[in-house]
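Got a few minutes to go through a structure together? Let's pull it up and pick out some local details.

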Protein chains: 2
Amino acid sequence: MENLLVTYQIRADADEIEARALGVAVEQSIEMPLQAVRDPAILDEIVGKVESVQEEASNLFRVAIRFSVTITGLEITQLLNVLFGNTSMQPDISLVDADLPPSLLAAFPGPRFGLPGLRALTGAYDRPLTCTALKPMGSSPDELAALCRTFARGGIDIIKDDHGLANQAFAPFAERVRACQAAVDQVYAETGHRAIYAPNLSGGPSALWKQTDIVRELGVGMVMASPMLIGLPTYDELVRERIDVPILGHPALGGCPSIAPELLFGKLYRLIGSDAVIYPNYGGRFGYSKQMCTDLAANLRDPWGDLAPAAPVPAGGMTVDRVDEMVDFYGVDTILLIGGGLLIARERLQEQSAIFVERVKRSAELR
Amino acid sequence: MENLLVTYQIRADADEIEARALGVAVEQSIEMPLQAVRDPAILDEIVGKVESVQEEASNLFRVAIRFSVTITGLEITQLLNVLFGNTSMQPDISLVDADLPPSLLAAFPGPRFGLPGLRALTGAYDRPLTCTALKPMGSSPDELAALCRTFARGGIDIIKDDHGLANQAFAPFAERVRACQAAVDQVYAETGHRAIYAPNLSGGPSALWKQTDIVRELGVGMVMASPMLIGLPTYDELVRERIDVPILGHPALGGCPSIAPELLFGKLYRLIGSDAVIYPNYGGRFGYSKQMCTDLAANLRDPWGDLAPAAPVPAGGMTVDRVDEMVDFYGVDTILLIGGGLLIARERLQEQSAIFVERVKRSAELR
């Protein structure tokens with residue numbers, strides 16, 4: 001039987017750490033006193049096993065625990081539960097990493113387009129893709145479509161909804177998506193530049209499935225959703241069953257202080273099929289370090305079973321002035337997302353968008 | 001226009017706190033620089049407004065922010081996003097509380113049975129209800145059904161699946177639920193005691209809906225699910241559209257993000273229709289304080305718009321010895337859940353279950 005190897009960081013006194021580690025192994029598997037278990041096969045095969053305990057710093061330990069892959073049921077809901085269900089409520093324990101065995105990995109689609117698919121769709125092969133966001137909420141569908149048109153004329157590759165655009169009265173999903181898709185279609189007819197519009201999907205399953213019907217009907221080229229808001233299992237089903245275009249994962253509600261972003265956004269969001277994943281860049285307003293961003297991007301792009309690479313989309317307070325630095329840091333296999341940093345140009349928005357696009361092309365050429 | 005009043009706790013230097021508070025107000029509404037906004041109505045009506053800033057301790061502030069209810073779209077996905085979407089990724093900010101205005105509250109079903117409904121179903125009016133769990137995972141449907149029979153014979157009111165029982169190979173949902181429901185039906189026929197069996201629902205929407213079909217077909221009396229695992233919007237739809245029995249909310253994965261348990265488990269889980277909510281009790285292995293448990297239980301039970309009261313289910317390392325203390329602390333309007341603390345009796349499990357039931361009755365009578 002294959003195993004799942006899960007790494008936790010535990011803050012504890014040195015004389016308690018063995019008991020704490022065993023406590024997590026039990027909590028995340030059978031969650032009952034070992035002496036209450038009557039079947040020796042369960043003690044042997046089902047209860048998690050502490051594989052290693054390493055002291056990282058004073059009273060801070062890295063603990064690796066091995067779980068039988070059987071207990072995950074080979075699907076995302078129970079995988080999440082095994083990784084961190086009850087232990088998420090322990091204030092002194094964080095979930096650091098997980099190594100998934102081949103049988104578990106093979107049960108997931110991973111990105112169906114991934115970075116190669118996004119390159120094929122945009123025709124941009126040798127440079128980072130450019131991305132921006134339609135804001136602010138409170139705008140009408142016509143206003144958002146006008147913005148979309150301006151960005152498309154500026155040459156942006158991907159124009160996504162702000163993640164706060166859901167199905168509110170000021171810009172209902174159907175009207176907004178129709179108007180914005182018409183805008184990118186119009187610019188394509190006029191200029192030959194095909195920008196991809198990615199609306200934000202939001203709601204319970206019925207609402208989401210209705211939104212995907214609209215996406216299909218209008219020929220929308222991409223979608224966005226937030227796995228932690230809609231639930232990872234619902235996102236997983238959305239990808240498997242409901243869309244045939246790339247999906248961009250948004251990190252909203254994903255700032256769980258005790259799950260490493262490298263794991264949540266880098267591995268789990270890729271596992272459930274995100275073709276590109278937005279996350280807070282270092283040096284922005286979220287305090288992510290360069291090392292976290294390097295590791296997160298590696299988790300998204302590095303070879304992993306048969307899964308296609310997903311595109312990192314570092315974001316959060318990015319500006320055109322940082323393009324060279326970003327290309328230098330992430331290389332060309334990335335998507336650069338500038339939202340508010342473009343909108344601040346106001347009347348000069350199309351020009352500023354074009355400058356962003358040119359800066360990215362030039363940065364890539366200079367490498 | 002009605003407002004949503006949201007309270008955050010922010011760790012910051014005193015000379016930064018005004019800017020940080022404004023930052024959250026903007027992040028959680030329009031998420032773009034204010035100077036980039038062209039429409040004054042959006043600045044006026046859509047951008048969050050800092051209502052108050054109070055210093056709680058050195059460099060620790062309680063900040064109340066007012067958001068227009070319009071931006072929530074009156075549904076749970078976007079409500080969560082407004083409450084904490086991007087700000088969840090700020091390591092020094094936690095979400096403490098939210099006051100929902102009547103129009104928002106009226107958009108949710110809340111508990112359809114609640115504590116009064118659970119009392120009517122069990123016929124237990126003057127005492128806490130008793131609850132236990134079927135464990136460990138790795139057991140076969142027959143083994144779980146045997147356990148279920150023993151608990152039912154002991155007189156337990158509600159017998160729930162362990163939250164780790166999903167649809168794994170060792171106990172597939174359909175077989176397990178059929179066997180366990182047959183067990184409680186059999187004990188009812190034999191003894192006249194109708195224990196309620198509550199299977200754990202788990203998976204993406206399609207899997208969940210299939211499970212609810214089985215629940216309906218077999219006449220199962222209650223279900224359990226973990227909102228943070230399946231996604232709050234999916235849980236909301238499950239309650240509204242798919243079940244006509246009470247639902248027990250499990251806290252798995254709820255320890256993250258940094259949302260006060262009083263709000264997440266006490267208010268939000270009730271809002272989306274939980275009739276009873278499991279959470280870690282004080283004095284167990286999760287470090288919740290008495291004050292947190294008092295406030296959480298109050299949020300579940302106190303009058304709140306037109307919402308029925310939900311039953312608190314304090315759990316986690318509970319034992320029969322603590323029954324008097326628990327009844328003293330929570331009163332009779334509660335559900336006492338003992339899992340491993342009963343199973344440890346092994347061959348004496350039925351007797352120990354009966355002792356638990358008697359202890360609860362006596363404790364309630366003595367009040």
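What follows is a short chat about a predicted model.

Trainee: Is S29(A) buried or exposed?
Mentor: Start with where S29(A) sits: in the loop between α1 (17-27) and α2 (40-45) of chain A. Its relative accessibility is 3%, and the cut-off for buried is under 20%. So S29(A) counts as buried.

Trainee: Which backbone nitrogen does the side chain of S29(A) reach?
Mentor: Leaving out residues up to four places away in sequence, S29(A) touches residues of chain A, including I46(A), V47(A) and F67(A), and also M137(B) and D162(B). G48(A) is on that contact list too. At 3.1 Å, the backbone nitrogen reached by the side chain is that of G48(A).

Trainee: Where is the proline of the cis peptide bond in chain A?
Mentor: The cis bond joins K135(A) and P136(A), with omega about -10°. Chain B has a cis bond from K135(B) to P136(B), omega near -10°. As for P136(A), look in the loop between β5 (129-134) and α6 (141-154) of chain A.

Trainee: What is phi of E31(B)?
Mentor: E31(B) is in the loop between α1 (17-27) and α2 (40-45) of chain B, and at 15% relative accessibility it counts as buried. It isn't a glycine, yet its phi is positive, near 45°.

Trainee: How many Å² is the nonpolar surface patch with L22(A)?
Mentor: L22(A) lies in helix α1 of chain A and is partly exposed, at 41% relative accessible area. It makes the patch with L34(A), L43(A) and V50(A), and the area is about 260 Å².

How values were computed. Residues numbered from 1 in each chain as written. Chains lettered and ligands numbered in written order. Predicted model: local features only at pLDDT ≥ 70, side-chain atom pairs only at ≥ 80, totals over all residues. Heavy atoms only, no water. Helix = DSSP H or I, 4+ residues; strand = E, 2+ residues; numbered from the N terminus. Buried < 20%, exposed > 50% of the residue type's maximum accessible area, 1.4 Å probe, protein only. Polar contact = N/O pair within 3.5 Å; in protein donor to acceptor, adjacent residues only side chain to side chain. Contact = heavy atoms within 4.5 Å. Patch = residues over 30% accessible without salt bridge, like charges linked within 9 Å, V, L, I, M, F, W, Y side chains within 5 Å. Areas by Shrake-Rupley, 256 points an atom, 1.4 Å probe, with all protein chains shown as cover. Salt bridge = Lys/Arg side-chain N within 4 Å of Asp/Glu carboxyl O.
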